[in-house]
Amino acid sequence: YGNMAPGNVFDGPGTAVVMKRILCAGVTAFLDLFGQEDTMFALRAQQRAGEAGGADLFAAGPCLTATKGHCTEYGVPTRVMDTPADARRVVEQLAVKRPDVVKIVYSPRGRMPSIDEATLGEAVGTATANGIKTVVHINTWDDVREAVLAGATAVTHIPANQPVPQDLPRLMAERGVAIIPTLAVETDMGDFIRDASVLASPLAATVTTNAVIGAYRTDSIRHHAEEWAERAARQKATIFQSLRALADAGVVVLTGTDAGNYGTIQGFSVHRELEKLVQAGFTPWEALRAATTDAGAFLDRSFGVREGDEANLVLLEASPIESIRHTQRISAVVHHGRVIDRERLLEEAGPGR
């Protein structure tokens with residue numbers, strides 16, 4: 001599955017481990033939307049030279065954000081821009097490193113400082129002129145509209161406080177702007193702490209640690225996350241309604257999890273995202289398309305089963321069309337034409353199973 005995954009695994013060693021674990025989870029390729037710039041691009045180069053294993057890494061490198069804006073709070077060096085001139089200079093400098101996409105934070109109605117609309121437009125325009133797609137992090141539907149009008153390739157996240165305005169799905173479809181909804185990070189914390197069966201999944205146990213799973217079962221996490229879970233439960237219907245309206249209008253939906261945040265598990269949460277898409281009214285075929293062929297097309301790669309497609313395949317023990325949860329019942333993973341040894345890959349990823 002192609003995983004359009006904004007994530008918080010910032011460094012090269014951490015990502016190298018994740019790459020192996022998520023390949024075992026049937027995620028054969030993923031897009032990291034924020035990491036340490038030099039180490040992330042170096043790891044990508046090593047992998048493409050055959051010197052690093054795991055799922056195929058596509059990378060944005062840094063977030064492009066305002067001074068003291070979102071992404072600066074993690075203590076990880078990123079690139080800032082506050083004027084259109086800054087945006088042009090920053091994107092031109094980054095373009096030399098050929099990121100797979102440019103990630104831009106645009107949330108002028110949020111609680112942290114943000115670039116303005118003119119700076120957004122210059123960043124998107126400069127990236128487009130350099131042949132690089134753009135993914136814009138947003139908070140509100142007004143942010144989405146302005147990102148669409150600026151020419152963004154995709155926006156990530158779905159505003160939860162109100163339904164999508166009636167005209168916006170059609171506008172996004174007409175402009176060819178995709179949506180990466182990240183349903184898992186928005187809604188799965190409640191399921192993690194309230195529904196024991198979710199983290200009892202054998203796949204979750206395979207790709208993460210007993211300590212991580214156990215942490216979601218403690219009284220402490222339940223106490224601190226209960227308000228979050230209640231808010232997510234209230235907002236879920238609105239999020240699902242908006243996403244369904246976007247898909248019905250023809251907006252391309254791409255699977256993404258925001259993995260690395262609380263309430264997500266790298267690799268496993270891709271499968272949870274598919275479940276959420278089906279809960280939102282997608283057919284299993286539509287959900288699978290968001291994680292495979294459409295995700296591949298966004299990355300200008302051909303993930304499929306036709307002659308000439310990349311031989312990245314996941315073999316299942318049961319049909320995901322009968323139940324989307326069957327994507328977790330993995331029999332084998334084929335990566336670049338080879339059946340991987342999942343047990344060996346997990347051993348290489350390190351202890352903690």
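How many bridges join strand 10 to strand 11, and in which sense do the two run? There are 4 of them, and the strands run antiparallel. Keep in mind that this is a predicted model. Below is a quick tour of a sheet, a strand pair, the nonpolar cores and a helix crossing.

**The sheet of strands 10, 11 and 12**

- Strands 10, 11 and 12 line up in that order as an open sheet of 3 strands, with antiparallel pairing.
- Strand 10 (313-316) and strand 12 (338-339) sit at the edges with a single partner strand each, so each has one side without a neighbour in the sheet.
- For a handle on the register between strand 10 and strand 11 (residues 330-335), look at L315: its bridge partner in strand 11 is A332.

**Strands 6 and 7, and a loop residue**

- Strand 6 (residues 101-105) pairs with strand 7 in the parallel sense, and 5 bridges hold the pairing.
- Within that pairing, V102 stands opposite T134 of strand 7.
- Strand 7 (residues 133-137) is largely enclosed by the rest of the structure, because 4 of its 5 residues are buried.
- V102 also gives a link to L33: the two are 69 residues apart in sequence, yet their C-alpha atoms lie 8.2 Å apart in space.
- L33 itself belongs to the loop that runs between strand 2 (29-32) and helix 2 (37-48).
- With a relative accessibility of 0%, under the 20% cut-off, L33 counts as buried.

**The nonpolar cores**

- The largest nonpolar core has 85 residues, and I104 and M172 are the ones that touch the most other members.
- Helix 11 (residues 219-248) gives this core its largest share, 7 residues.
- There's also a second, separate core of 14 residues, and L33 turns up in it, along with A29, A154 and F303 among others.
- Leaving aside residues up to four places away in sequence, I104 touches L64, M81, I115, L120, A123 and V124, and also T134, V135, V136 and H137.
- As background, nonpolar side chains tend to be buried together in soluble globular proteins.

**Helix 11 against helix 12**

- Helix 11 packs on helix 12 (residues 268-279) at an angle of about 80 degrees, and the axes are 9 Å apart.
- That angle falls in the 65 to 115 range, so the two helices count as roughly perpendicular to each other.
- On the helix 11 side the contact uses K236, F240 and L243, which meet K276, L277 and Q279 of helix 12.
- By type, the residues of this contact split into 3 nonpolar, 1 polar and 2 charged.

Methods
Residues are numbered from 1 along each chain as its sequence is written. This is a predicted model: local features need pLDDT of at least 70, side-chain atom pairs count only at pLDDT 80 or more; totals for chains, interfaces and linings use all residues. Side-chain values use heavy atoms; hydrogens and water are left out. Two strands pair if DSSP finds at least two bridges between them. A nonpolar core is a set of buried Ala, Val, Leu, Ile, Met, Phe, Trp, Tyr and Cys residues joined through side-chain atoms within 4.5 Å. Buried means under 20% relative accessible area, exposed over 50%, partly exposed in between (1.4 Å probe, protein chains only). Contact means heavy atoms within 4.5 Å. Axes are lines fitted to C-alpha atoms, for helices over the stretch in contact, and angles run from 0 to 180 degrees between N-to-C directions. Angles under 35 degrees count as roughly parallel, over 145 as roughly antiparallel, 65 to 115 as roughly perpendicular and the rest as oblique. Ala, Val, Leu, Ile, Met, Phe, Trp, Tyr, Cys and Pro count as nonpolar, Asp, Glu, Lys and Arg as charged, and the others, Gly among them, as polar.
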